[in-house]
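Colleague: I would be grateful for a close look at one part of this protein. Please take the reader through that part step by step.

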Amino acid sequence: MSRVRIIPSRHIGVSASLLAVAIGAAALLQGHTPASMAEDGGPRLTVERTRTLELPGGRRLTVTAIIDPQLVDPEEAMDELAPGSLPISVGAGGASAAFTIFDVWAKPDIPVTMHYSPDNAPAPQGISYTTGLVEGAIAKWDAIGSGMRVVYGELTSPIASMCDNPDGAGDGINTIQWRSNLRNGVLGSTCTVTNGRLDAGLRVVEADIVFSTKFNWSFGEVTPLDAYDWRSTLLHELGHVIGLGHTTTADAVMLASLARGVQRRTPQDDDIQGVRSLYGPGPAPEAKPVPQIPAPPPGLTRRATLPVVGKGE
Ligand SMILES: [Zn+2]
């Protein structure tokens with residue numbers, strides 16, 4: 001609609017749309033040329049695996065890792081990331097991210113603060129750039145209107161993460177950090193600690209995310225066909241942090257896999273409904289004050305109460 005509004009001729013507007021479609025089709029075709037297939041050994045798509053591990057003190061760890069299956073066997077990678085853990089599926093095949101086995105945060109622990117350390121971030125535009133991207137992704141989940149609130153917190157230096165030490169005690173600080181020691185083929189992982197009794201409902205007490213510095217990440221507006229979009233991946237992992245599982249709904253942020261060159265940077269209706277089903281629609285919007293219009297005195301029409309402009313000119 002806005003395109004039609006800013007282009008004076010309706011004809012030009014239509015042509016521009018057709019041109020955009022043609023460019024898009026050309027880009028798609030380009031991504032599937034035999035040359036690029038040969039270079040990579042096939043189209044590249046991430047998979048995710050989720051494992052669970054019982055921790056001392058009745059706590060439980062859930063580890064979800066993003067894996068490039070062309071570079072590493074996913075189950076082998078999971079055995080290394082979380083030794084002794086058992087596989088679980090995260091809403092696999094569900095039609096909505098609301099169908100989740102992830103656990104939710106207790107009300108007193110909301111808003112959830114996610115602390116980010118840009119140390120080691122492979123950002124070509126400087127580490128402050130990724131800080132802005134993290135703030136932006138958090139704000140997108142926070143802004144959808146639900147009982148879940150997520151806010152940004154800073155980390156001045158790297159600290160321990162549950163993803164570094166899956167059977168560790170945890171520190172209750174939710175972090176997003178970069179790691180250079182993740183196995184080849186593992187793009188990153190989200191590690192969630194829950195507490196409580198299974199029959200009484202587990203509650204999340206800590207959630208940490210790590211990303212691998214070894215990957216060809218893209219951070220910019222345009223995502224090249226040979227790179228994974230970090231903003232989309234971050235938004236997806238934050239979805240797990242707040243309790244969402246996977247969905248099969250097209251274009252949703254919580255789709256289980258992401259192809260190189262593809263962006264999914266905004267929560268879609270399915271994602272939004274998922275969060276609202278977990279936490280409710282959120283506080284009712286504050287009532288806006290309604291301007292008071294005094295009733296006209298008897299015998300006068302409302303028009304007579306309006307100021308008269310330009311009288312006597
Ligand atoms: Zn996922």
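Is G261 buried or exposed, judged by the other C-beta atoms within 10 Å? Please then describe helix α6 and the residues connected with it.

Modeller: The model is a predicted one. G261 is buried, because 20 other C-beta atoms lie within 10 Å, and a residue is counted as buried at 20 or more. G261 belongs to the loop between α6 and α7. Its C-alpha atom is separated by 5.0 Å from that of T223, although the two residues are 38 apart along the chain. Y228 is another residue to consider beside G261: the two are 33 residues apart in sequence and 6.0 Å apart in space, C-alpha to C-alpha.

Y228 leads towards the helix. Y228 is part of strand β11, which covers residues 228-229, and helix α6 covers residues 230-241. Y228 counts as buried because it has 24 C-beta neighbours inside 10 Å. If residues up to four places away in sequence are set aside, Y228 touches L187, F215, N216, W217, S218, T233, L258 and R260. One of these contacts, T233, is found in helix α6.

The helix itself comes next. Helix α6 has 12 residues, and the distance from its first C-alpha to its last is 16 Å, close to the 16 Å expected at 1.5 Å a residue. Which residues of α6 are buried? They are W230, R231, S232, T233, L234, L235, H236, E237, L238, G239, H240 and V241. Since 12 of the 12 residues of α6 are buried, the helix is largely enclosed by the rest of the structure. The list of buried residues in α6 includes R231, H236 and E237 as well as L234, L235 and L238.

T233 may serve as an example from within the helix. T233 is buried, because 21 other C-beta atoms lie within 10 Å. Leaving aside neighbours within four places in sequence, T233 is in contact with I66, L187, G188, Y228 and L258. L187 and L258 are also among the residues that Y228 touches. A further relation is that of T233 to M254: these two residues are 21 apart in sequence, and their C-alpha atoms are 9.7 Å apart.

The packing of α6 against another helix can now be described. Two packed helices are described by the angle between their axes and the distance between the axes. For α5 and α6, the angle is about 45° and the axes are 10 Å apart. That angle makes α5 oblique to α6. On the side of α5 the contact is made by L133, V134, A137, I138, K140 and W141, and on the side of α6 by R231, L234, L235 and L238. The crossing of the two helices, α5 and α6, is right-handed.

L238 also has a place in the interior. In soluble globular proteins, nonpolar side chains tend to be buried together. The largest nonpolar core here has 55 residues, and those that touch the most other members are A65, L238 and I242. Not counting residues up to four places away in sequence, A65 touches E48, R49, A77, M78, L81, V186 and S189.

What follows the helix deserves attention as well. Just after α6, G243 takes a positive phi of about 120°. Most residues other than glycine have a negative phi, and most peptide bonds are trans. D251, in the loop between α6 and α7, is a residue other than glycine with a positive phi, near 70°. D251 is partly exposed, because it has 13 other C-beta atoms within 10 Å, whereas G261, in the loop between α6 and α7, is buried.

Similar backbone features are found before α5. N120 lies in the loop between β5 and α5, and its phi is positive, near 75°. N120 counts as partly exposed because it has 14 C-beta neighbours inside 10 Å. The peptide bond from I110 to P111 is cis, with omega near 5°, and P111 lies in the loop between β4 and β5.

Finally, the part may be set within the whole. The protein has seven helices and 11 strands, and 36% of its 313 residues count as buried. Of the contacts with a separation of 6 or more, 68% are between residues 24 or more positions apart.

Notes. Residues are numbered from 1 along each chain as its sequence is written. This is a predicted model: local features need pLDDT of at least 70, side-chain atom pairs count only at pLDDT 80 or more; totals for chains, interfaces and linings use all residues. Helices (H or I, at least four residues) and strands (E, at least two) are DSSP runs, numbered from the N terminus. The expected span of a helix is 1.5 Å times one less than its number of residues. Two residues are in contact if their C-beta atoms, placed from the backbone, lie within 7 Å. A nonpolar core is a set of buried Ala, Val, Leu, Ile, Met, Phe, Trp, Tyr and Cys residues joined through C-beta atoms within 7 Å. Axes are lines fitted to C-alpha atoms, for helices over the stretch in contact, and angles run from 0 to 180 degrees between N-to-C directions. Angles under 35 degrees count as roughly parallel, over 145 as roughly antiparallel, 65 to 115 as roughly perpendicular and the rest as oblique. A crossing is left-handed if the near helix is turned anticlockwise from the far one by less than a right angle, and right-handed if clockwise.
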